[in-house]
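Trainee: Before I plan anything at the bench, I would like to go through this structure with you, one question at a time.
Mentor: Gladly; let us put it in front of us and begin.

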Amino acid sequence: MRVLEIDHPLVAHKLTVLRRAETRSSVFRLLADELVTLLAYEATRNVAVAPVEIETPVSSMTGTRLTDPKPMVVPILRAGLGMLDGMTRLLPTAEVGFLGMVRNDETLEVTTYANRLPDDLTDRQCFVLDPMLATGHTLIDSVNYLHERGAKDITCVTLLCAPEGLKTLDEAIDPAIDLTVVTAAIDEKLNEKGYIVPGLGDAGDRLFGVV
Ligand code: URA
């Protein structure tokens with residue numbers, strides 16, 4: 001598993017505003033969207049491309065185009081939805097599938113309650129969107145699910161990671177799976193309630209308001 005913690009002043013600035021307790025949902029949504037676009041730039045560094053012959057107004061040349069099969073973007077409901085526009089802004093031709101997963105706040109166990117993905121993902125590059133890699137269980141289930149259906153390589157885009165979750169993910173995932181985690185920051189730790197410290201609180205609540 002590769003972990004890319006993006007070191008960029010704009011990422012650090014936007015993340016700092018996201019972390020502030022007083023940042024309200026409307027600003028949080030906007031900044032999360034901008035931050036994901038910056039992360040998407042790095043996350044798509046190995047997206048599959050092929051040469052293409054084109055004519056410029058001046059001459060012919062060999063350019064580059066995205067190839068088929070189209071990449072698949074998979075936001076994990078609910079909070080991953082807040083990352084979708086930021087990702088598809090850079091990958092407008094990607095297809096989008098959804099996984100609905102929920103964490104039990106007592107046991108921290110994850111259950112899947114929705115799945116809108118093709119059964120066959122053979123040779124697809126998949127980008128999983130989940131803002132908080134906390135215990136790692138949601139991403140373990142998602143990565144295994146996509147791999148079992150044939151995904152070629154899987155990149156998880158997160159705003160924040162806990163070191164404990166990264167370790168759990170790394171130990172749980174078959175090393176043969178081509179897995180990359182792209183994140184704006186690796187924080188200090190997980191607390192006893194499963195929150196990332198210092199973190200930014202509950203990403204879903206902050207994006208969408210408390211339900
Ligand atoms: N999920 C969140 O939204 N926040 C955390 O800190 C951990 C998991």
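Trainee: In which loop is the place of Asp-123?
Mentor: This is a predicted model, and in it Asp-123 has a positive phi of about 65 degrees although it is not a glycine. With 12 C-beta neighbours inside 10 Å, and with 12 or fewer counting as exposed, Asp-123 is therefore exposed. Its place is in the loop between β7 (110–116) and β8 (125–129).

Trainee: How far can I trust the chain, and what pLDDT does it average?
Mentor: The model scores ipTM 0.96 and pTM 0.95. Within the protein chain, 100% of the residues score at least 70, and the average pLDDT is 95.

Trainee: Which residues of β8 point one way, and which the other way?
Mentor: Five of the five residues of β8 are buried, so the strand is largely enclosed by the rest of the structure. The residues on both sides are buried, with Cys-126 and Val-128 pointing one way and, pointing the other way, Gln-125, Phe-127 and Leu-129.

Trainee: Which residue of β10 does Phe-127 stand opposite?
Mentor: Strand β8 pairs with strand β10 (residues 153–161) in the parallel sense, over five bridges. In that pairing, the residue of β10 that stands opposite Phe-127 is Thr-155.

Trainee: Which residue in β8 is the bridge partner of Pro-75?
Mentor: Strands β4 and β8 run parallel and are joined by four bridges. Among the partners, Met-72 is matched with Cys-126 in β8, while the bridge partner of Pro-75 in β8 is Leu-129.

Trainee: Why is β4 described as largely enclosed, and how many of its six residues are buried?
Mentor: β4 pairs in the parallel sense with strand β5 (residues 95–96) over two bridges, where Val-73 has Val-96 as its bridge partner. Two bridges also join β4 to strand β6 (residues 98–103), again running parallel, and there Ile-76 stands opposite Leu-99. β4 is largely enclosed by the rest of the structure because the number of its six residues that are buried is five.

Trainee: Where are the cis peptide bonds around β4, and what is omega for the one that joins Leu-77 and Arg-78?
Mentor: A cis peptide bond joins Asp-68 and Pro-69, with omega about -5 degrees, and Pro-69 is found in the loop between β3 (60–66) and β4 (72–77). Arg-78, in turn, lies in the loop between β4 and α3 (84–88). The cis peptide bond that joins Leu-77 and Arg-78 has an omega of about 5 degrees.

Trainee: Thr-135 appears in a UniProt annotation; is the residue buried or exposed?
Mentor: The unreviewed UniProt entry lists Thr-135 under "binding site", together with others including Arg-78, Arg-103 and Asp-130. In the model, Thr-135 is found in the loop between β9 (132–133) and α4. It has 20 C-beta neighbours inside 10 Å and 20 or more is the cut-off, so Thr-135 counts as buried.

Trainee: What distance separates the end C-alpha atoms of helix α4?
Mentor: Among the buried residues of α4 are Thr-138, Ser-142 and Tyr-145, and the helix is followed by Gly-150, whose phi is positive, near 105 degrees. At 1.5 Å a residue, the 12 residues of α4 (residues 137–148) should span 16 Å, which agrees with the separation of its end C-alpha atoms, 17 Å.

Trainee: How do the residues of the shell around the ligand divide by character?
Mentor: The ligand is surrounded by residues including Ala-79, Met-132, Tyr-195, Ile-196, Asp-202 and Gly-204. By character, the residues of this shell divide into one charged, three polar and six nonpolar.

Trainee: How many C-beta neighbours does Asp-202 have inside 10 Å?
Mentor: Asp-202 is one of the residues that surround the ligand, and the unreviewed UniProt entry lists it for "binding site" with Ile-196, Gly-201 and Ala-203. Asp-202 is found in the loop between β13 and α6, and its C-alpha atom is separated by 13 Å from that of Ala-32, 170 residues apart along the chain. Asp-202 counts as partly exposed because the number of its C-beta neighbours inside 10 Å is 15.

Conventions: Residues numbered from 1 in each chain as written. Predicted model: local features only at pLDDT ≥ 70, side-chain atom pairs only at ≥ 80, totals over all residues. Near = placed C-beta within 6 Å. Nonpolar A, V, L, I, M, F, W, Y, C, P; charged D, E, K, R; others polar. UniProt positions renumbered as here; feature names shortened; annotations may be inferred. Expected span 1.5 Å × (residues − 1). Pairing = 2+ DSSP bridges. pLDDT = per-residue confidence, 0-100.
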